[in-house]
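Please open the structure in your viewer and keep the sequence beside it, since each stop on this tour begins with something to select.

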Amino acid sequence: MKIAFFDTKKYDVNSFERYASHNIEFKFFETRLSEDTVSLCQGYDVVCVFVNDVVNKTVIDDLCKYGVKLIALRCAGFNNVDIKHADGKITVVRVPAYSPYAVAEHAMAMLLTHVRNTHKAYIRTKGYNFSLNGLCGFDLHGKTVGVIGTGKIGRIFIDICRGFGMKVLAYDKFRKNDDDTEYTTLENLFKSSDIISLHCPLTEETYHMINENSMRTMKKGVVIVNTSRGALIDTEDLIEGIKTKKIGGACLDVYEEEADVFYEDYSSDIIDDDTLAILLSMPNVLITSHQAFLTEEALENIAKTTVDNIKEFFDTNKCENEVTV
Ligand code: NAI
């Protein structure tokens with residue numbers, strides 16, 4: 001079985017290599033899968049892709065033409081794959097959970113960094129500047145956090161927030177009735193929260209759910225945390241909200257146009273993205289490069305589940321982790 005990996009980084013190779021055997025052969029491409037690179041898939045049985053690979057109609061048609069039988073996502077989100085077009089043509093599998101703790105803990109790490117200015121303090125003290133001016137934060141204890149999406153990650157984030165003595169309000173379009181979380185309407189969540197953390201998937205419905213209109217209903221100074229998908233937020237509207245001080249801070253592990261820059265080192269280049277440049281220039285915006293998943297435990301689970309998915313599909317012609325329309 002020949003498997004072509006795209007958008008491969010060193011840590012992917014390290015975690016997957018141990019699963020190579022006489023009947024499973026890996027080829028690690030650094031390039032992303034797209035219409036320009038899909039021809040590399042000729043001769044492979046499986047393509048293994050990540051969050052910013054482009055698996056659109058053309059790519060899917062070419063994969064079918066080359067005889068590729070399986071698209072194995074090594075992530076949970078699948079908004080970068082045209083699932084409707086793949087239906088009936090090629091099977092798509094994913095890793096539904098690899099470490100929800102990794103993502104929830106990163107969301108809290110970003111929030112704590114923002115509210116206590118530890119990122120600024122770190123740089124100051126490295127330069128022998130021990131002044132505290134401008135570093136005053138606020139207590140999380142007693143604040144209201146609004147959690148949108150109470151699936152695997154959202155629920156863990158809620159538990160973490162409770163540990164901090166925060167009041168939790170939640171909204172989930174498909175809420176389950178088996179937990180003691182206080183659910184409310186999206187409108188009330190926006191109106192009542194000091195912090196809003198996004199843990200729902202990107203769909204047509206959730207696209208730009210944080211926008212000028214929803215921000216208008218929020219508390220002045222609200223902090224937005226997004227570890228889900230960039231396009232949940234209208235970035236231009238967010239920038240406007242920060243400029244008018246309606247938004248007190250943004251902790252962003254994901255960004256609408258991240259595919260062009262995230263995961264690469266552009267430290268010696270001029271970035272061709274003015275929106276990102278404005279965000280980076282704002283002292284109350286904290287950006288990480290879609291790294292919430294990046295823990296040893298998560299990488300190990302991703303590799304194991306991906307290989308299990310592939311084996312299950314080729315052994316039984318179906319897979320528990322298949323993504324369906
Ligand atoms: P999950 O499927 O367990 O939970 C998602 C929740 O969102 C579900 O409870 C669902 O009912 C809810 N939901 C669906 N549509 C909604 C809507 N319109 N409004 C409100 N809630 C809605 O997913 P999980 O594992 O908790 O992941 C959440 C998101 O985190 C993923 O969709 C993915 O985009 C993102 N993610 C980000 C990572 C990172 O490294 N930054 C890593 C892994 C996931």
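**From strand to helix to strand**

In this predicted model, begin by selecting β1, helix α1 (residues 10–16) and β2, which together make a right-handed β-α-β unit. Next, hide the helix for a moment and keep the two strands on screen: β1 covers residues 2–5 and β2 covers residues 25–28, and the two pair in the parallel sense over four bridges. To see one of these pairings in detail, select I3 and look across to β2, where F26 is its bridge partner.

**The largest pocket**

Now turn to the open space in the model, starting with the largest pocket, which holds about 1,700 Å³ of space. Which residues should you select to find its centre? Choose F78, C200, P201, L202 and T203, which lie nearest the centre among the 49 residues that line the largest pocket. Then colour the helices α3 (83–86), α4 (100–116) and α6 (152–163), because each of them supplies at least two residues of this lining. If you colour the lining of the largest pocket by residue type, you should find 25 nonpolar, 13 polar and eleven charged residues.

**The second largest pocket**

Finally, move on to the second largest pocket, where about 360 Å³ of space lies. Select V51, N52, N79, N80 and E256, which are the closest to the centre of this pocket out of the 20 residues that line it. Coloured in the way you used before, the lining of the second largest pocket divides into eight nonpolar, six polar and six charged residues.

How values were computed:
Residues numbered from 1 in each chain as written. Predicted model: local features only at pLDDT ≥ 70, side-chain atom pairs only at ≥ 80, totals over all residues. Heavy atoms only, no water. Pairing = 2+ DSSP bridges. Right-handed = clockwise from strand over helix to strand, strands pointing away. 1 Å grid on protein atoms, 1.4 Å probe; cavity = no way out; pocket = protein on both sides within 12 Å on 5 of 7 lines; lining within 4 Å. Points joined across faces, edges and corners; volume = space filled by probe spheres on them. Nonpolar A, V, L, I, M, F, W, Y, C, P; charged D, E, K, R; others polar.
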